Amino acid sequence: MALRRAVQFIFILVVIRLSVQVQENNESVTDFFEPMLGTNTSREKSAGPFTVLPPPNSNDYELLVVLNISEVETLQTLLNLMWFPFPYGSAVFTSIDTTTVCALNVTSYQCTCEESFAWSYNSCIKHGACDAITGNTCGCINDLPADDQYCRSTTNHSEPTHVEAVLEFHIPVSSAPPNVFDHIRFTLGSVYFPLHITRDLEIIDANFTTGCFPNSSRGLQCQCEDQFAWSCDKCGLYGTCSNTNGRSCRCINGLPPNEEYCEPISTVAQCRSPETRTFSFSINMPFDPAYNNKDSQVYKDVDSAIQAQCAKHIPTLIAARLNRFRRGSTIATYTVTAASLKNAQIEAVKVGMFKQLSPKYPITFDSSTLLKFDPPEVFSGRSMTVTCGPPPRAISFGTNWTAEWTLNGALVLEDTLHIFSSQGGAAILTIPSFFSADDGSYDCKLTRINGSVFRQSGTLFSKEIPSLRVSPVRETVKCEVGTVRLECSVNSPYTVQFLNFPAAGTGNTVSFQFTIPSDCTTGERKFTCQSQTNPVFGKEIAIQFTSGDIICVDAEFGNGTLDYRAIAPCSPDKEGQRTAVCKENGKFEDIEDSCVLRPILTLFNESQLLNENNLAKFLDKLSNTTRSLTEEVVVSPPTMGVLSEIFDNVANASSSLQISINRTSMEDVLLTADVLTIDSAKASWDFLNANDTRNTSAENRKSVSSLLLQSLETITSGLTNDTFEISTPSILLNRTTFTNNFNADFNSSVEVDIPQTDGGNKSITVITFSSMDNVLPARDQANSSTNAINGRVVLIQSSGEINNLSLTFDILNDTLGDPKCVFWNFSLFEGLGGWDDEGCILVFNENETVSCNCNHLTSFSILMSPFAPNNPILDYITYIGVGLSMASLVICLIIEGIIWRKIGKNDTSHLRHVSIVNIAISLLIANIWFIIGAAIADADQKNPPACTAATFFIHFFYLALFFWMLASGLLLLYRMLSVFGGGLSKAAMLAIGFCLGYGAPLIIAVITIAVTAPAKEYIRANTVCWLNWDESKALLAFVIPALVIVVINLIILLVVIYKMLRSRVRASATQPGERHVLMVIARSLAVLTPIFGLTWGLGVGTMTDPNNEGIHIAFAFFNSLQGFFILVFGTLLDKKAMSELKASQTSTSGAKVDTTFPQIYPSSRNLHKLCSQLWFFDKTKTTKLYLSLHLFYHCHPASVGIWRSCDIGWKIWQREEL
């Protein structure tokens, strides 16, 4: 009963039944006019009458109704079936919702909220929530609140969505009053908006836009209401029935399909004006201004064809007219105006005019279809096929034609790089190797016998080849558990992947960890990384498995076993590889770098396929690329080597194909060469030239620098017969003509003079290089590397024969001397090239200029020595001094031979004289080899092997001289520190002396020649046969040991002096031996310090200051008199030696002296007196007395103290005799 009463209450509220159909937002609905007019043509039936709500100035109220029912679900279903809003009297009900449901739960009520409603936080706390409190609300409480408190709405209404709906009314004409549109306008005007349909739907506005009615021709005229209009395309398509403005029209003759109606004026697009386009076509006949006369036959025929074909193929044509004829063969231009022009219509007009005019005139048909390139995208260096045609069948062009190709407006000639053919009515151009020189716009002309032409064009540019980099390139791994990271990358926009390893993925950079198999055996496994392009480019990673020990570990070259050659990748901007060998020291050495800049390598590939078609364009690109990469090029020796090979390819192509080099191309050549010769490139050229020298024994060797100069000479020989001048920052070219003589000053640094020729007009080309000395080494016929290029390098060529040429050079460095007039001889050193003076002579050297005269043409310059003082005083001092030195040494050895037996009885004296003899022998042999070396160096025919041998022996025996001096010093030190005897035996000291005197010099000399000779850096053959200084610093192998020995001997001298002075202090000032001690110190100073220390100290000065003649003279003086000093200080000042020499000269036999001591037994006092007096006797007799005392000691042991006293005194005297 409760439910029945509730339903009755609700339906009492519904006093007017409403039914407003709410369909999908974009569908049409039918309004009340259909039932009113008795029609049934609406698309959807409405559910009830239309309701007009009261004005919106009423008050809003919320009614709360409490129902005591048990069937809650049934009530909710009934409410959902009701339509809102609906009026009740003067009120309007907009919605009804169930909010709260309360039910008895054992002892109390539980009140639960319906969907989209909830209890407030206070109610949840006050009455106790029977579910979770979420967001300060709950859905259930354990009580029935008082004061009519119920659940509150939790719905957050979103922003309303505005949707435009179209209502379409179909009213039969027979039922429609004449003013039906007025009724519609009035009805819509009486509705108040917004119009609420449901709680979630309202109508905010409604407009009457379009009214259509039959016209007199039984069609429809559709009229737009105010502020609405038809779009321009509808006006043009259906035709207007009212005046149009600049934007649209108000009435059209028809109703567009697909529910298209009038649009707001503010949104209607501007009407387009009629389309007007101008076209042209060529008539392959000479232009005649009379063609522009409208009465001429050509004008009439062409104009007639334009009018006829445009009218035939353009439906919206407004006008077509011939404008004029102009030059360029004969070109006709015409203009077409139409409401719209489509490409298909234009193409049809072209075909029609060609068919109409070609039987009478040679017309050119320009195809709108582009040339076909196969493949559509081509990588540099790959093959490309270009297809022209076939012409469309509609023009009936036929197959009897000849093809002509142009690239960027230049005619393409058929050669090995551009092959012409035809197939299937089409012309084909095949390019076996497509490079950047082939980039650009291609045009193809197929010409019939009557002169008509089918023309087609297209543009193609080659793509850069993907640059793949893998890491590692090659690596050795040990067969043990572990992984190796493999990585591959490519330049953008390409991607790569590892073949057969999909887990690595694809991308610009991919990598994965390869697990080393535990059971791997010695061998190699390769992994392929490839690009995702067509065609595919790839690189491999080689992993070498080994069971041996890993010797080398390096971040760049990876791991390696002994002698393993590792490969490392180049930097991303280069192509090639870096290799190194694993050595015993655990490092990768013998590094070789072949990494070349990628743009330069691409140019090198192109340079191998040069011909007349692409040479000029290639040289332009070469110049631009090289100059843009100057900083990268000059620090990369491999790149500079490749550029020299590019020049060689250019030279070979120009000479073999007889391609003339014009001014523009030559300027490109010199701009590129300018980059290669700048000062910042010198270090790279030094490296390249050093490698040339190291490889002088290899087959097929070549010098990169010589190749560059030879290429420039060859290219210059192919210059056109023009007169011009080219100037770059470091190169000046002048090409001119002369008849009898020629004289010119180039860049104020080189003057060229040809005094007389055999007559006739001749051309001459002079190229002056201001920095070619950075490129070419200064080696001459003797392979000398100590000379310097001290003038500009000038290249001279002439079309006539020149056998008398004068050159005057401004010298660059006025500190150099000994000038030589030279030319670059490409055949020297078995093809390496070098400076040669054959056919050139020095005329004068004055005022910082050098004048030369030569009898041939090529590349010239001057060589000068950086330190070659040409002073006659030095020669006199050297030769006289060496002669005196050798004579002194011979005398010294003769004296030592005479007194050898007399001095050999005492160990110290014997060892000292052994040192003197070996010092004299070493210096004598060194001087002999010095004379031999000087003769070899001064000979006209150079003999490097003989000079090397002489240098070796000079080095060895000079070192032996110093090491025997060291042995003498060590002997002096040893004897001074071991006063009381004992220690080493005589034989042991001799063995040490010979090992030190000859063994150490031999080791140093052998190591020096072994290290420097393979690189041709052992000798410097330009002056004398002596150790190299500029390249290998081999001279240090002599200077350092010599000066170290001098320092050691000075230290020994100081120690000896200190010891002797201490002995002097303890001794009596009246001792007679004091004078002898001072003589020994003076002799030691004279031998150890001044002679050798000063001499080779001056030798170092000649290297540090090579232009100081004073140092050279002082060094030559002391060096040449070393033998004399040895004779004086080592032999002549030795009084004992001199006395023995005198004794041997005056006595023929020696007196026999009794050495037995008288058998008497003096007292101890007398013996002490005897011993003290013995020291004042002649020392030559004291030895015999010492022997007698020794016998006395053995006979009378009781006199031990007396004997020891004498024995100590004897030994002290013996030390003084040293």
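# A tour from helix α7 to S705

Select helix α7 and colour its buried residues, which are V298, Y299, D301, V302, A305, I306, Q309 and C310; buried here means under 20% relative accessible area, with exposed over 50% and partly exposed in between, for a 1.4 Å probe and protein chains only. Helices (H or I, at least four residues) and strands (E, at least two) are DSSP runs numbered from the N terminus. The model is predicted, so local features need pLDDT of at least 70 and side-chain atom pairs count only at pLDDT 80 or more, while totals for chains, interfaces and linings use all residues. Residues are numbered from 1 along each chain as its sequence is written, and side-chain values use heavy atoms, with hydrogens and water left out.

**Around α7**

Keep α7 selected and add β15 (275–283), β16 (317–327), β17 (330–338) and α8, against which the buried residues of α7 pack. At 1.5 Å a residue, the 17 residues of α7 should span 24 Å, and its end C-alpha atoms are 24 Å apart, which agrees; the expected span is 1.5 Å times one less than the number of residues.

Now look along the pair formed by α7 (residues 297–313) and α8 (residues 343–357), which pack at an angle of about 140° with their axes 9 Å apart. Axes are lines fitted to C-alpha atoms, for helices over the stretch in contact, and angles run from 0 to 180 degrees between N-to-C directions. The two helices, α7 and α8, are therefore oblique to each other, on a scale where angles under 35 degrees count as roughly parallel, over 145 as roughly antiparallel, 65 to 115 as roughly perpendicular and the rest as oblique. To see the contact (heavy atoms within 4.5 Å), show D301, V302, S304, A305, I306, A308, Q309, C310 and H313 of α7 together with Q345, A348, V349, G352, M353, Q356 and L357 of α8.

**On to α13 and α10**

Move to helix α13 (residues 663–677), whose 15 residues reach 21 Å from the first C-alpha to the last, close to the 21 Å expected at 1.5 Å a residue. Twelve of the 15 residues of α13 are buried, so this helix is largely enclosed by the rest of the structure; among them are M666, L670, A673, D674 and L676.

Add helix α10 (residues 615–628), which packs with α13 at an angle of about 25°, the axes being 9 Å apart; α10 and α13 are therefore roughly parallel to each other. On the α10 side, select A616, L619, D620, L622, S623, T626 and R627, which meet S665, D668, V669, L671, T672 and V675 in α13.

**Two single residues**

Centre the view on N253, in the loop between β13 (251–252) and β14 (263–264), which at 34% relative accessibility counts as partly exposed. Its C-alpha atom is separated by 5.8 Å from that of G239, 14 residues apart from N253 along the chain. Not counting residues up to four places away in sequence, N253 touches N215, L220, Q221, Y238, G239, T240 and C241.

Finish at S705, in helix α15 (residues 704–716), which is buried with a relative accessible area of 1%. Leaving aside neighbours within four places in sequence, S705 is in contact with W685, N689, D692, V775, L776 and P777.

**Zooming out**

With everything shown again, the chain has 28 helices and 54 strands, and buried residues make up 42% of its 1218 residues.
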